[in-house]
Protein chains: 2
Amino acid sequence: MIGVSRDPTKLGYGMARNLIQSGYPGAVHFVNPKGDSLLGRPIYPDVSQVPDPVDLAVLLVPPPFVPDTLRQCGQRGIRAVIIATGGFREVGPEGAALEKQCLEIAKGYGMRLVGPNCIGMINTHLPLDTTFLQPPLAPAGEIAFISHSGAICAAVVDWIRGQGIGLSHLISLGNQVDINETDMLAPVAADRYTSVLTMYLEGISNGTRFVTEARRVTRQKPVLALKVGRFESGRKAAASHTGALAGQETAYEAGFRKAGVMRANTSEEMFQWARALAWCPLPRGRRVAVLTNAGGPGVTAADALELNGLRLAALSEETHQGLKAILPAAASLHNPVDMLASAMPEHYCECLRILLADPGVDSVMVITPPPPSSTTGGVARAMVPVIQVTDKPVIVVLMGDRLIQEGVELLRAVRIPEYRFPEAAASALGALSQRAEYLGRVDETLMLTPGCDASRAHQLLAGQTAEQFTNQEVATGLLEAYGIQALKLILAASPEEAAAAALQVGFPVALKVASPDISHKSDVGGVLLNLKDVESVKAGYDIILKNARTAQPDARIEGVHVQRLLPPGQDVIVGVVRDPQFGPMVMFGSGGVEVEGLKDVAFELAPLTRREAEGMLESTWAGRKLRGFRNLPPADREASLAALARLAQLALDCPELGEIEINPLRVLPEGQGAFAIDVRAKII
Amino acid sequence: MIGVSRDPTKLGYGMARNLIQSGYPGAVHFVNPKGDSLLGRPIYPDVSQVPDPVDLAVLLVPPPFVPDTLRQCGQRGIRAVIIATGGFREVGPEGAALEKQCLEIAKGYGMRLVGPNCIGMINTHLPLDTTFLQPPLAPAGEIAFISHSGAICAAVVDWIRGQGIGLSHLISLGNQVDINETDMLAPVAADRYTSVLTMYLEGISNGTRFVTEARRVTRQKPVLALKVGRFESGRKAAASHTGALAGQETAYEAGFRKAGVMRANTSEEMFQWARALAWCPLPRGRRVAVLTNAGGPGVTAADALELNGLRLAALSEETHQGLKAILPAAASLHNPVDMLASAMPEHYCECLRILLADPGVDSVMVITPPPPSSTTGGVARAMVPVIQVTDKPVIVVLMGDRLIQEGVELLRAVRIPEYRFPEAAASALGALSQRAEYLGRVDETLMLTPGCDASRAHQLLAGQTAEQFTNQEVATGLLEAYGIQALKLILAASPEEAAAAALQVGFPVALKVASPDISHKSDVGGVLLNLKDVESVKAGYDIILKNARTAQPDARIEGVHVQRLLPPGQDVIVGVVRDPQFGPMVMFGSGGVEVEGLKDVAFELAPLTRREAEGMLESTWAGRKLRGFRNLPPADREASLAALARLAQLALDCPELGEIEINPLRVLPEGQGAFAIDVRAKII
């Protein structure tokens, strides 16, 4: 520990104190140029004089001294350093330069760095505490907390004490000059004392790598994240609908989903979930039985379950009979089971046993307000043996404060999750179900997209100008190369050419202005539909050119595109935009010109599993409607799913492709396919 | 107190104990047929022997004895009775009959009843405690809690102890045979010790009366409600879109909005809001300054503020200069203000003073995790004098548990609201803003709807069959009577009549099947648009009749309606449905056939203020689009607003009207009005 202080008001004293008090079983040595002694140990003037091999150095020396100290550590053979010192990148360019210098020194010695500007790390099981946090020391438990904020670490360590939960690891990452949140995932997950990983994130260093690493970890242990900074950055204005709708938050959401990371909305929620995930078996389904002694808590629970995507289990006839045998006649035997206020601890115990035995019950929420004729301690004591032997999750709600303390302590001691209100309990049960369902699908495979021609796509994109939309031929060509049917477009540069093209594709036809400068053709009167003969095509050509020139006099106009009119179907929008953090992100939804107003769209990261693609359809009205709606016949959902998977593959294969958007994709009735009517693409 | 018990395990003992321990200053008498004495007082064998005039009787006698006991109370001249006894309506028809009998007895004596099946009432300032809740007694404070659940009362009384807040009144309403939640509003609000009313509601006895009563109360004091049972009842299938979309919850939401009742999502949220509303001045706007000593809490707060509809205040140049003068160079002077971890109590105090002096700051959130170099007690102590003299709300977040206890206690003692996390604090600030804005608009007047002819409407509705749609002429007539322009419809019973009608209304025309049995005309091929000459009208007549007969062979078909085709505009849906609890509820939104899929709709209760009607437009895409969108010109918003107000008035004037729906209402460009193209009405 380099930079210890003998002054109890200094952080350098706090670090030394915690390190000793935490009971680290290895050798601990203090370093400070002033020498002397501290807490019964000598202070060495520099690190070279420290005896023993050294596994880890913790630095709390003023910023200007950090580079030299790092060098000394390197020469001493130390390969792991935590720099707690602040005053680097967070204070401006000078600090950033100093930080860079530190990284270079570390690299030279093959040394890895945590920090700078962090509060250090705690391992409660080793045990090792390298922080200067005020005592009492962090409570030990099975939850790891990895944080981008040291202040949040300080708050969490203290707050969870009151929650009856404990930490395996506390990791403050600081400025992440070397080791970042993604690096920490696998090593922390490998720790046998850790059951659940929780993260406070202000951003992610590399989205794609995070998803890959986290996917590996979440197959073994749950990872929970609180990601803040939702509203920080507006993106630069996007030209396509997909781009405009695909915000940074959408990408984080999709990234967490893909990685199996459970995103919490608040710190409290994250640790409420973590407690349940650490202590409970996973449920086989979403059917919950509620056991309580009054009406109010039951109806509150029923609401909360529904809000969390759970449902009240339908109890079996045997269960009814069993409950009836032990409860008063006025009790409610339907779920929620209301035993009435006269319920004694043994009623809780017996009813719980009966509910758990019902094969239609996946989990149980027990709720007790301060009971009028017994104590919550008694209730808890009666239930514990039942809860300890079941393989179904049981979550207990003890409503109150002083009158429930005995019950709370009893349950915490045996690691049964308890909450103050049904809402938090329902949220925790929702998290357990989410986790169980995730584990049930980790082996899902990606959708296949046979016959894609990446080299043809690269060829088409090769000649294009960055950040400009390609012409229609290129965009349509990309779709053809990836097996997405597109309406044939013929460029006509005169009324006569348009007429000839119409005869070629067959009547009725649509005409659309051909211009690289006009994004939204219908807005400028650049689209005519349902032209049925040569004469109207010729006249239409002139009308469109006149409209377009009037609306956008500076636009380069190449003529009109002639296209056959498709039979009726359902029009949707599909697109891919490349997120700078997470890579290609696929969109599906209600298309047309009002897509940004209606916001009936869904996003997932490429590549897609079938469930992800189906989920995009199910979460939008445009997608649900494809099953048929009133007089609309069922549409070709398979063709829509294939278009999503193929667009995703195109974007993965062609990193030079920035955006591609089909609007509309005309989905014909079942078995008849889907056709891109209009498509736009842009390279990066 | 009738039904006291000498057995300490009985509720009748608990009630006597609480009544004595609460220190009620008036005379207290116990009654039990067995006589004897309790807690140093005699037990009278019946109520007739009790000395003194009696203001209130509390009954806890077995259900069969309740009617006789009530009679005795009546004869004794007692006019207020709380029946705590359970075993009435909640246990079945026999109990319901007993309850009814009690009410009749009470009415005979001019006696008012609370309960039965309740836990009684507490007035902490009188003081009077008639409950059997386990000690300690309810903490005194300024929040009244009115509850449909006794168990929730028991939980809340205990839970709020840990929150540092107290109650003025606790009212358990039980089965509400006489006095209900609405009756309690005005008397409780009139209590000078009560600053905020909170309610746990499982339903509302009479929605319209509740709105009227609550509106009066909320002008004086905030009323907060937690309404459970959101998902309980599916409604019977509705034939109109408006009916299908207007669920019970939508009506409750609209009712609470109209009444100015702030609806909380959870019990915790309700009391977090209540604490802030009881203790803070109201903010002048939604601009919040955040003061903290680290980055993480600041960004968490910024997110939470945005989620609650608040925004970070832009700090003035003076404020920057003032902060700069006292903070280290590396501190962040922009909002959130990050004083850095080195911040001492005097920094908190001085910076808070500076932020409060900024005219661009409406409120301040101060956040401190356990500070490394000071204590939260010190921080709190330094800030209290500043907070006590400002007229702006200051909300403090003390993050942690054990290390913040001193700060928590200090702030609670002087009634400064403190929370554990920025999310709860932001939610409380949001509630303060919501309250301030509500008070700013209580004097808004209703939209005027001159020239409405109610007697004509009654006349039109008089001959109609209940629960069936009226014919088109009646529906259109209702609109005309209320000054809503409707396209003229002519019923034609033959191709020749259709042609004549078309010549009368002018080409182009639309034809629509005329049948009382066909709800969705376009689904059966019953609509033809844009017919331009006599020949196509005649042919169209035959096509429509053939389509309709094929699709619905049993439908009664009267012919076709002939209507002029309107110029282009924006089509929306407007409708009114009569909620059984809250009366006429107006809907606005995206119309067409997909209205139930898109769910782009908003509801308010009739009658409408201009702000309510505008709000319905602003909260839907269909409404926002009326300002113009891409190539759509701005539409006649005024005409849409007028249509909403007039439909609302129609429904208020005609209680026999069950539903009316215009779909679509064609809103023409600004200044050109709005026309009902299709309208359906149904009487109750």
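Helices and strands here are DSSP runs, a helix having at least four residues and a strand at least two, numbered from the N terminus. With that in hand, we can place a first residue: B:Ala314 sits in the loop that runs between β15 (311-312) and α11 (317-326) of chain B. Please keep in mind as we go that this is a predicted model. B:Ala314 has a relative accessibility of 66%, and because exposed means over 50%, this residue counts as exposed. From B:Ala314 to B:Pro283 the C-alpha distance is 16 Å, and the two are 31 residues apart in sequence.

Now step back to look at a whole chain. Chain A contains 23 helices and 29 strands. Its C-alpha trace spans about 100 × 80 × 40 Å along the principal axes. Of the 684 residues in chain A, 60% are buried. Many of the contacts in chain A reach far along the sequence: if we take those between residues at least 6 apart, 71% join residues at least 24 apart.

What lies inside? In soluble globular proteins, nonpolar side chains tend to be buried together. Here the largest nonpolar core has 212 residues, and the members that touch the most others are A:Phe145, A:Met365, B:Phe145 and B:Met365. Take A:Phe145 as a guide. Setting aside neighbours within four places in sequence, its contacts include A:Ile152, A:Cys153 and A:Val156, along with A:Leu167, A:Leu170 and A:Ile171. Among its other partners are A:His169, A:Tyr200, A:Met270 and A:Phe271.

A buried residue of chain B is worth a visit too. B:Thr292 belongs to strand β14 (residues 287-292) of chain B. With a relative accessibility of 1%, B:Thr292 counts as buried. Apart from neighbours within four places in sequence, B:Thr292 is in contact with B:Pro297, B:Gly298 and B:Ile367, and also with B:Val337, B:Asp338, B:Met339 and B:Leu340.

B:Ile367 leads us on to B:Phe421, since the C-alpha atoms of these two residues are separated by 8.3 Å, although they are 54 residues apart along the chain. B:Phe421 is found in the loop between β19 (418-419) and α15 (422-439) of chain B. This residue is buried because its relative accessible area is 4%. Which residues does B:Phe421 contact, leaving aside its neighbours within four places in sequence? They come from both chains: A:Trp159, A:Ser267 and A:Glu268 on one side, B:Val397 and B:Met399 on the other.

That brings us to the interface. Here 66 residues of chain B are in contact with 66 residues of chain A. The area buried between the two chains is about 5,600 Å², and carbon and sulfur atoms give 62% of it. Between chain B and chain A there are 20 residue pairs in polar contact. On the chain B side, α4 (150-163), α9 (267-279), α10 (295-307), α20 (595-598) and α22 (621-624) each supply at least two of the residues that touch chain A. That side of chain B divides into 30 nonpolar, 18 polar and 18 charged residues. The salt bridges between chain B and chain A number four. One of them joins B:Arg630 to A:Asp523, with the closest N and O atoms 2.8 Å apart.

Over all chains, the count of salt bridges comes to 68. One of these pairs B:Arg6 with B:Asp36, where the closest N and O atoms are 3.4 Å apart. This pair links distant parts of the chain, with B:Arg6 in the segment before α1 (11-21) and B:Asp36, 30 residues away, in the loop between β1 (30-31) and β2 (37-38) of chain B. B:Arg6 counts as partly exposed at 48% relative accessibility, and B:Asp36 is likewise partly exposed, at 49%.

Other salt bridges have buried partners. B:Glu418 and B:Arg420 form one in which the closest N and O atoms are 2.7 Å apart, and both residues are buried. Another joins B:Glu659 to B:Lys682, at 3.7 Å between the closest N and O atoms. Here strand β27 (residues 657-667) holds B:Glu659 and strand β29 (residues 679-683) holds B:Lys682, 23 residues apart in chain B. B:Glu659 and B:Lys682 are both buried. To finish in chain A, look for the network of salt bridges that links A:Arg610, A:Glu614, A:Glu618, A:Arg627, A:Arg637 and A:Glu638.

Note on methods. Residues are numbered from 1 along each chain as its sequence is written. Chains are lettered from A and ligands numbered from 1 in the order in which they are written. This is a predicted model: local features need pLDDT of at least 70, side-chain atom pairs count only at pLDDT 80 or more; totals for chains, interfaces and linings use all residues. Side-chain values use heavy atoms; hydrogens and water are left out. Contact means heavy atoms within 4.5 Å. Buried area is the accessible area (1.4 Å probe) that two parts lose on being put together, summed over both. A salt bridge is a side-chain nitrogen of Lys or Arg within 4 Å of a carboxyl oxygen of Asp or Glu. A polar contact is a pair of N or O atoms within 3.5 Å; within protein, one must be able to donate a hydrogen and the other to accept it, and residues adjacent in sequence count only if both atoms are side-chain atoms. Ala, Val, Leu, Ile, Met, Phe, Trp, Tyr, Cys and Pro count as nonpolar, Asp, Glu, Lys and Arg as charged, and the others, Gly among them, as polar. A nonpolar core is a set of buried Ala, Val, Leu, Ile, Met, Phe, Trp, Tyr and Cys residues joined through side-chain atoms within 4.5 Å. Buried means under 20% relative accessible area, exposed over 50%, partly exposed in between (1.4 Å probe, protein chains only).
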